[in-house]
Amino acid sequence: MAQAAQNKTRGRKLLGASALLSVLAGLYFGLIEAPPDAYQGNAQRIMYLHIPSILTAYLSFFIVFIGSCLFLWKREKRDDILASSAAEIGVLFTALTILEGSIWGKPTWGVWWTWDARLTLTAILLLIFIGYLMLRSLIEDETRAAVCSAVLGIIGFLDIPLIHMSVYWWRTLHQPPSILRPDKMPWENIHPSMLIALAVNFAAFILLYFYLLSLRFHVGEMEEEAKTRKLYRGSL
Amino acid sequence: MELLRQTVWLLRKDLLLELRRRESVVAMFFFGTLLLFVFHFAFEIPPDRAAAMAPGLLWLAFIFTGTLGLTQLFQAERENHCLEALLLGPMDRAALYLAKVSFNLFLMLLVEVIIFPLFWILFNLAFWELLPSLFLVALLGTMGFCVLGTLFSAVTLKARARELLLPLILFPLMIPVILATVRGMEILLRTGQFEEAVPWLRLLVGFDVIFLTAGFLIFEWVIEA
Amino acid sequence: MSGWGFVFLAYGIVWLALLLYLFFLKRRARRVEKELAALRSSAVKKN
């Protein structure tokens, strides 16, 4: 029993170490090795953060969905802990995605915010995450909180494709006459060292994400055990 | 069909209660009308822009009015432990869901039927002949609102700050419905025909079907938590 | 060169936020670990 816990801790430390290494590598490749973009200049380097961030945000939501489904099916506390951990870290990465997109937008499009499809969708995702966390905190009974947030986790995930469709149609079929910035990525003629920088940063974000998730999950499990022990202090 | 019988029975109970006390429908109607008034003061709506802005303003009014109805939706069951009593029996939980969805839909449609023409009069709009088609689009949207709204009304039933939490959770999820309904109505007003609006209407129908099914399956777990 | 300011702003905010989160998470972990160890040992003592 203690051996398993030790192995998990060791695994986490390994994950953390590899995350750190790849983050440093990502910084090197992104800021030093990769050349500035022909059109966007150095501001394009923010994309090495932004694209992996979007991925981890959506990955997080997927994990919330999986945890929610498992919890409603099997009612095991650890699935609920997984879902809430993924939601907490998901909020962080989603908020960062929006910040990065906004900061990239200023030199590229001239404005801090546009209602382009990508930013809008990420903002909606953030709102759903926040709703999830608020729901959890505002329901006092723990089991009910777990069930109710699982429902939101599932419905929210099912809604995302529909939200995607409607926002993209809205943005492409209904062009407002005012600010219409071309929402295009300079994928054509991408320099190989840019690709490397992107790939390394991808790896870095994924590793970092899973490290944070495993740590948060571990904390959640410990808090749950502590709660149970305190509850049954007399009888255990 | 047992499920249908139970649904109708529950719906009848709610309709009877509403008929006698008229709490929700009157409040919703006056709130919706009040919103129209406020919109008139809040937005400068020149006559040539009125038709373009109408769908959005109307739908906003319906959404806020509908949220009012949603927070009231399980009120009868909350008092005197009626919900626990209902759940003690072998009644299909999904019947309660369907009955509540239908009831809220009924209330909202009743309010919309009056507010639509009222809006047209207050803002001096033409195109009276388009009203039935516009109402059809609104019906699909209202359906989506009720389907998800009822589920989350139950989800937030025992939460603190319920009146704030329900819209906070519901509105982001409703964005496809808001977009589709408003765009659909706007296209109708602009062209007078359904063709261009069809993709939006299909999205609405898809939304309604998906979440009616999801709500139908999931409601049981929510109400018993 | 154009844009370095924005790059440092973005990178700075992101890594600062992530580091802060990690810091607070680790602090929370330490606190719970201590509490849990105390609870476990008191349970052992009883038995």
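What follows looks at two interfaces in a predicted model, that of chain A with chain B and that of chain C with chain A.

Start with chains A and B. Here 30 residues of chain A meet 31 residues of chain B, and the pair buries about 2,800 Å², with carbon and sulfur atoms giving 80% of that area. On the polar side, one salt bridge turns up across this interface: Arg160(B) and Glu140(A) pair through their side chains, with an N to O distance of 2.7 Å. Polar contacts with both residues at pLDDT 80 or more come to two residue pairs. On the side of chain A that touches chain B, the elements giving two or more residues are helix 4 (117-138) and helix 5 (142-173) of chain A. Helix 5 puts in the most, 17 residues. Sorted by class, that side of chain A has 21 nonpolar, five polar and four charged residues.

Now for chains C and A. The contact draws on 29 residues from chain C and 37 from chain A. Together the two chains bury about 3,200 Å², of which 76% lies on carbon and sulfur atoms. Three aromatic-named residues deserve a mention: Tyr11(C), Trp15(C) and Tyr21(C) account for 20% of the area chain C buries against chain A, more than any other three residues. Salt bridges number four between chain C and chain A. One of them links Glu88(A) to Arg28(C), whose closest N and O atoms sit 3.9 Å apart. Polar contacts here add up to six residue pairs, both residues at pLDDT 80 or more. The side of chain C that touches chain A breaks down into 20 nonpolar, three polar and six charged residues.

Note on methods
Residues numbered from 1 in each chain as written. Chains lettered and ligands numbered in written order. Predicted model: local features only at pLDDT ≥ 70, side-chain atom pairs only at ≥ 80, totals over all residues. Heavy atoms only, no water. Contact = heavy atoms within 4.5 Å. Buried area = accessible area lost by both parts, 1.4 Å probe. Polar contact = N/O pair within 3.5 Å; in protein donor to acceptor, adjacent residues only side chain to side chain. Helix = DSSP H or I, 4+ residues; strand = E, 2+ residues; numbered from the N terminus. Nonpolar A, V, L, I, M, F, W, Y, C, P; charged D, E, K, R; others polar.
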